[in-house]
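Student: Please take me through one single part of this structure closely, beginning with the term you will rely on and ending with the surroundings of that part.

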Amino acid sequence: MASRRTAAIARSLSTGLAGRRVFCNHQARNPWREAIRAISTSPAPNPGASDASAGGSGSRKRTFNVTKADAQPTISKHHKITFDDKRVSVPWEEGKTSTFQHIWLRDHCQCATCMHPQTKQRQLDTFSIPLNIRPSLVEPRDDGLYIEWWGDHQSQYTWEWLHRHSYAPRLEKYISVQRKLWGQEVANDLPTVKYDDVMASDAGVAEWTSKIETYGFCFVDGVPVTPEATEEVVQRIAHIRHTHYGGFWDFTADLKMKDMAYTNLALPAHTDTTYFTEPCGLQMFHLLEFEGTGGESLLVDGFRAARMLRDEKPESFRTLSTVRIPTHASGNEEVSIEPYTPFPVFNHHPVTGELVQVRWNNEDRATMDRWADLEDVEKFYQAIYDWNEVLKRSDGEFRQQLEPGKALIFDNWRVLHGRGAFTGHRRMCGAYIARDDFHSRLRLTNYGREEILMGL
Ligand SMILES: [Fe+2]
Ligand SMILES: [Zn+2]
């Protein structure tokens, strides 16, 4: 357990934040899910997609760096498809040969009886397949591989599907997000979309969600200054995630809510809802009214800050990737929320080892009375002092006074937010969206349903 974790973190240290754009063939299990989780840091050249330039309109895949699988994989003209007792071998024109075991092929039959054509759910009774099942006939046809099984079932798999899902070896190339890490200079070229575009079409939502994924935040310009219009625009991405504070919120400074967010005090950079097992994915803010002073908003790119900490203080980065911090939300009488287990500040993908989530809210940290090692206590304080110092560097801070009509949405797994103290009257509205709902919309609007389902 410990060694696997250490290995994952070591991989992350060496590659995770270093700008890998495309997975090696053997590393990714599901190109869609994992590529979108991957961190890519540098504005690298764009070999796979001519339509991938940022800011274009109308075309898909605009801010993703895409290296597509061969559009139409074809089988070799020179080598035959063969099978033996255990497996079918499919030689491709590109020179590689995929091996598929019989039980796997039968279990993954794509026919309408075995796999529901719309829901893509398995309808086949897997356990009715004899473990030693064998084909009686294996035949290449124009549109794919045709197999007849002893026991009277026929299966057909398109070449594209077989190529996409080849597991020995993995073949396809991957679609990878090109995340752009930013510091204060992001203020010169703010990721922004127009309210009218977002409301008018899914192409507008594709542009919006891909900017959120690329930068970790995006402004929406021209939102009518009402809670109703704000709620409508956020729901263009997905339904709102409710919490103990409700669904869509609309508030002025109000200590009835028993949370510092509802006061007029300064809030240092933090992520929200660290007290949930799954912190909220996106958060939207829309300033509706403000008469007073102060209260400017603050954003910090947590992935960039993590990379700096890793490079400058690797020991502290490691500590914050391993030491688990208990958190809670207990201000209101009727709740005392805790995650099922404490989580570290930096959470890494269990397969690729890449950083996928920053959780940091020093206010919501509960008593830390469980330590794996006594020395971790001092190491932990050193690490959070180092982290705090990186987060407060002015070159990483984007500060701006929010304005009515300009809504801000950001990725709460990546970007930390805060605000200055303020005086006067300030009315803000907004909402949370769960990360999986955001990613579903991101992928479907940018790639289309057919492409996504092919990858399942
Ligand atoms: Fe917050
Ligand atoms: Zn079937």
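Tutor: Two strands are said to pair if DSSP finds at least two bridges between them, and that criterion is the one to keep in mind for what follows. The model is a predicted one, and the part I would choose is strand β18, which spans residues 406–411. As background, the secondary structure of the protein chain comes to 12 helices and 20 strands, and 36% of its 456 residues count as buried. Strand β18 itself is mostly covered, since five of its six residues are buried.

Consider the pairing next. Strand β13, residues 282–294, runs antiparallel to β18 and is joined to it by four bridges; here Phe-285 stands opposite Leu-408 of β18. Strand β10, residues 217–221, also runs antiparallel to β18, and the two are joined by five bridges, with Ala-407 of β18 serving as the bridge partner of Val-220.

From the pairing we can pass to the packing, for which Ile-409 is a convenient guide. If its neighbours within four places in sequence are left aside, Ile-409 is in contact with Ile-212, Phe-217, Cys-218, Val-220, Leu-282 and Met-284. Ile-409 is also listed among the residues with the most contacts inside the largest nonpolar core, a set of 61 residues, and that list includes Phe-217, Cys-218, Val-220 and Leu-282 as well. As a general matter, nonpolar side chains in soluble globular proteins tend to be buried together. A second core, separate from this one, has 12 residues, including Phe-100, Ile-147, Trp-159 and Leu-162.

A helix also belongs in the picture of β18. In helix α7, residues 227–234, the buried residues include Thr-230, Val-233 and Val-234. These cover an arc of only 95° around the axis, and they are therefore on the same side of α7. The buried residues of α7 pack against β18, and also against β10, β13, α5 (195–200) and β20 (422–433). Helix α7 thus packs against β18 and against both β10 and β13, the strands that are joined to β18 by five bridges and by four bridges respectively.

For the setting of such contacts in the protein chain, take those between residues at least 6 apart in sequence: 71% of them join residues at least 24 apart. The contact of Ile-409 with Phe-217, in strand β10, can be read against that background.

Technical notes
Residues numbered from 1 in each chain as written. Chains lettered and ligands numbered in written order. Predicted model: local features only at pLDDT ≥ 70, side-chain atom pairs only at ≥ 80, totals over all residues. Buried ≥ 20, exposed ≤ 12 C-beta atoms within 10 Å, placed from the backbone. Core = buried A, V, L, I, M, F, W, Y, C linked by C-beta atoms within 7 Å. Contact = placed C-beta atoms within 7 Å. Arc of directions from axis to C-beta.
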